Amino acid sequence: MRLEKRIDQHLHSLFAGTRNTLEHRELKEEIRSNLKARIEDYLSEGMSEEQAFQTAIQHISGVEQVMGDYRTVKRIPYWITLWQSALIYSLVAWIVTIPMRVMLEGMALNNLLLIVSLVVGAGYVFYLISSRGNGENESSLGQKTIRIRMPLLKQWQRRVWWLWAGVMLALWGTQAALRFGSNIWFDRPIKVDGPYQLAVILIAFAVPLLSIIVPLIVHRAYRIISKHEVSDGV
């Protein structure tokens, strides 16, 4: 009990001055579990409780160290690569939906994706022009950097994928309920009248998959960091 209190006091001092956000609370619990595991290991090695506690907390000297897993990347090449990825994803989605133009809904979706691709493409071109509009050469532009905190980006990467999966299940469940709910409720067989109706059903379930563009972009933002990473001295 005394050890638990000391851990609580240490965590309180470690996070003093920080905001009480969900991210900080999750991080605090992660540190708590790590501290307990380290202390138990040291105790099993024959250390006293005081030695085990002091040795464990030496690995966490401050919240800056705990939350400081930053990566420095070249700002303009990083964002250019991300814009390119977003443009490629939107163009692929537009190309994939071209066969759907045989139906009115498919035509509307394909036109929407074309507009999205044009908007993303215009944003990409505008960023290229604006990043070089100050007259600096390409090498100097590549030296401008930003710092990205990896744990936060990794956390958002996981959350976006889980959110997308949840939305997909909800949309598919809604489609299934609207199209087959009465058949299932009244125990009637599900019938598909011809290939056209089958195509309509398949498209209705496939269209939500296009929203995968969003988690793919977030995933790409995390993956390309190593490609554009620079040392602190650059």
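Counting salt bridges in this predicted model gives 4 of them. Three are worth walking through one by one, and the table puts their distances side by side.

| Salt bridge | Closest N to O distance |
|---|---|
| Glu4 with Lys36 | 3.1 Å |
| Glu50 with Arg6 | 2.4 Å |
| Arg32 with Asp8 | 2.2 Å |

Take Glu4 and Lys36, a salt bridge with its closest N and O atoms 3.1 Å apart. Glu4 sits in helix H1 and Lys36 in helix H2, so this pair links distant parts of the chain, 32 residues apart. How covered are the two partners? Glu4 has a relative accessible area of 31%, which makes it partly exposed. Lys36 is partly exposed too, at 28% relative accessibility.

Then there's Glu50 with Arg6, whose side chains meet at 2.4 Å, N to O. Here the link runs from helix H3, home of Glu50, to helix H1, where Arg6 lies, and the two are 44 residues apart. Glu50 counts as partly exposed, with a relative accessibility of 37%.

The salt bridge between Arg32 and Asp8 comes in at 2.2 Å, N to O. Because Arg32 belongs to helix H2 and Asp8 to helix H1, the pair ties together parts of the chain that are 24 residues apart in sequence. Is Arg32 buried or exposed? Its relative accessible area is 16%, and the cut-off for buried is under 20%, so Arg32 is buried. Asp8, on the other hand, is partly exposed at 37% relative accessibility. These two also belong to a network of salt bridges, in which Asp8, Glu29 and Arg32 are linked.

**The cores**

Now for the nonpolar side of things. The largest nonpolar core has 13 residues, and those with the most contacts inside it are Ile7, Leu11, Ile31, Leu35, Ile39 and Phe53. Which elements give two or more residues to this core? They are helix H1 (2-14), helix H2 (22-44) and helix H3 (49-57). H2 gives the most, with 5 residues. So the helices named for the salt bridges turn up again here, since Glu4 is in H1 and Lys36 in H2, while Glu50 is in H3.

Leu11 is a handy place to look at the packing. Setting aside residues up to four places away in sequence, Leu11 touches Lys28, Ile31, Arg32 and Leu35. Arg32 thus shows up both as a contact of Leu11 and as the salt-bridge partner of Asp8.

There's also a second, separate core, this one of 9 residues, including Val73, Tyr78, Leu82 and Ala221.

Back to H3 for a moment. Which of its residues are buried? Ala52, Phe53, Ala56 and Ile57 are. Looking down the axis of H3, those buried residues fall within an arc of 120°, so they line one face of the helix. That fits the usual geometry: an α-helix has 3.6 residues a turn, so residues three or four places apart point the same way.

**Trp164 and a surface patch**

Further along the chain, Trp164 is found in helix H8, which covers residues 150-185. It counts as buried, because its relative accessibility is 18% and buried means under 20%. What does Trp164 contact beyond its neighbours within four places in sequence? The list is Pro208, Leu209, Ser211, Ile212 and Pro215. Taking Leu209 from that list, Trp164 and Leu209 are 45 residues apart in sequence, yet their C-alpha atoms are 9.4 Å apart in space.

Out on the surface, Ile88, Val92 and Val96 make a nonpolar patch of about 260 Å². Val92 lies in helix H5, residues 75-96, and is partly exposed, with a relative accessible area of 44%.

**The whole chain**

Stepping back, the protein chain has 11 helices and 2 strands. From the N terminus on, the elements run α-α-α-α-β-α-α-α-β-α-α-α-α. Of its 234 residues, 32% are buried. The accessible surface comes to about 15,100 Å², and carbon and sulfur atoms account for 63% of that.

How are contacts spread along the sequence? Among those with a separation of 6 or more, 76% are between residues 24 or more positions apart. The pairs above give some examples, including Glu50 with Arg6, 44 residues apart, and Trp164 with Leu209, 45 residues apart.

Note on methods
Residues are numbered from 1 along each chain as its sequence is written. This is a predicted model: local features need pLDDT of at least 70, side-chain atom pairs count only at pLDDT 80 or more; totals for chains, interfaces and linings use all residues. Side-chain values use heavy atoms; hydrogens and water are left out. A nonpolar core is a set of buried Ala, Val, Leu, Ile, Met, Phe, Trp, Tyr and Cys residues joined through side-chain atoms within 4.5 Å. Buried means under 20% relative accessible area, exposed over 50%, partly exposed in between (1.4 Å probe, protein chains only). Helices (H or I, at least four residues) and strands (E, at least two) are DSSP runs, numbered from the N terminus. Contact means heavy atoms within 4.5 Å. Patches are made of residues with over 30% relative accessible area and no salt bridge: like charges are joined within 9 Å, nonpolar side chains (Val, Leu, Ile, Met, Phe, Trp, Tyr) within 5 Å. Accessible areas come from the Shrake-Rupley method with a 1.4 Å probe; for residues, only the protein chains shown count as cover. The arc is that of the directions from the helix axis to the C-beta atoms.
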